Amino acid sequence: MSDSLTLFVGPTAHGLDEAVLTDAGVTVRPPAGRGDVAALIDSACRPGRLAVADGTFHRFPAVGHAEIRTAIASGWEIWGLCSMGAIRGAEMHSLGMRGFGEVFEEYLRDPDLDDDEVALMHSSEAPFRPMSEPMLHIRRFISNLQARDLVTHDQAVEVVRVLKERWYADRTLGAVKEALVGLAGLSEAVVAAELANFDAYRVKQQDLTRFLKEKPWQPRA
């Protein structure tokens, strides 16, 4: 089996330092859609390693369980993390798919966690610029505000409820600001200052960075 890794990734890698990808030595492909894993397997001369971070789910069918199962049965090592990959990793963990990171662990702990918690709108071509924010990130941000007594428990619940009811593409940082000002009574200046540090809550990007640095797919001596 080859020690190299093919990584299906899109918006989660947006803004990532190119050196991280280069140092990891991975072959990057766009977000995985239905049939993409099967096509990779069919084109390879021997089993290898691949990871799914991002995948299609709205405009195009999502990467299928059957093609992942077939790949594993054929000797491939398959990793799931960050977004669609974390979902499939948790769903197929007992079937031999490997998972990595906090998002994967959340889906593994809670099989009822909605798929749209990691969904976002992004441009259709590289570099897949994000246009909205995953609910999973928003929840962490709001929880931190509550932990620091900037919002009450009831205010946090209401803000999360309103944003959760929005279409995933409308869950923008502007929408978060609007909800916090209108529902929690925070000033625009306070919200703007807090949102300036929003990277701290982007756990999908943190999982990807750690995955590329730790390289868990490489055989250990």
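1. Let's start with helix 8, residues 173–184 (helices are DSSP runs of H or I with at least four residues, strands are E runs of at least two, and both are numbered from the N terminus). At 1.5 Å a residue, its twelve residues should span 16 Å (the expected span is 1.5 Å times one less than the number of residues), and the 15 Å between its end C-alpha atoms agrees with that.

2. A word on the source: this is a predicted model, where local features need pLDDT of at least 70, side-chain atom pairs count only at pLDDT 80 or more, and totals for chains, interfaces and linings use all residues. Residues are numbered from 1 along each chain as its sequence is written, and side-chain values use heavy atoms, leaving out hydrogens and water.

3. Which residues of helix 8 are buried? They are Ala175, Val176, Ala179, Leu180 and Ala184 (buried means under 20% relative accessible area, exposed over 50%, partly exposed in between, with a 1.4 Å probe and protein chains only). Down the axis of helix 8, the buried residues fall within an arc of 135 degrees, so they line one face (the arc is that of the directions from the helix axis to the C-beta atoms).

4. Those buried residues pack against helix 6 (135–147), helix 7 (153–164) and helix 9. The face turned away from the buried side carries exposed Glu178 and Gly182.

5. Now look at Glu194, in helix 9 (residues 188–195). Glu194 is buried, at 14% relative accessible area. Beyond neighbours within four places in sequence, Glu194 is in contact (heavy atoms within 4.5 Å) with Phe141, Leu145, Arg148 and Leu150.
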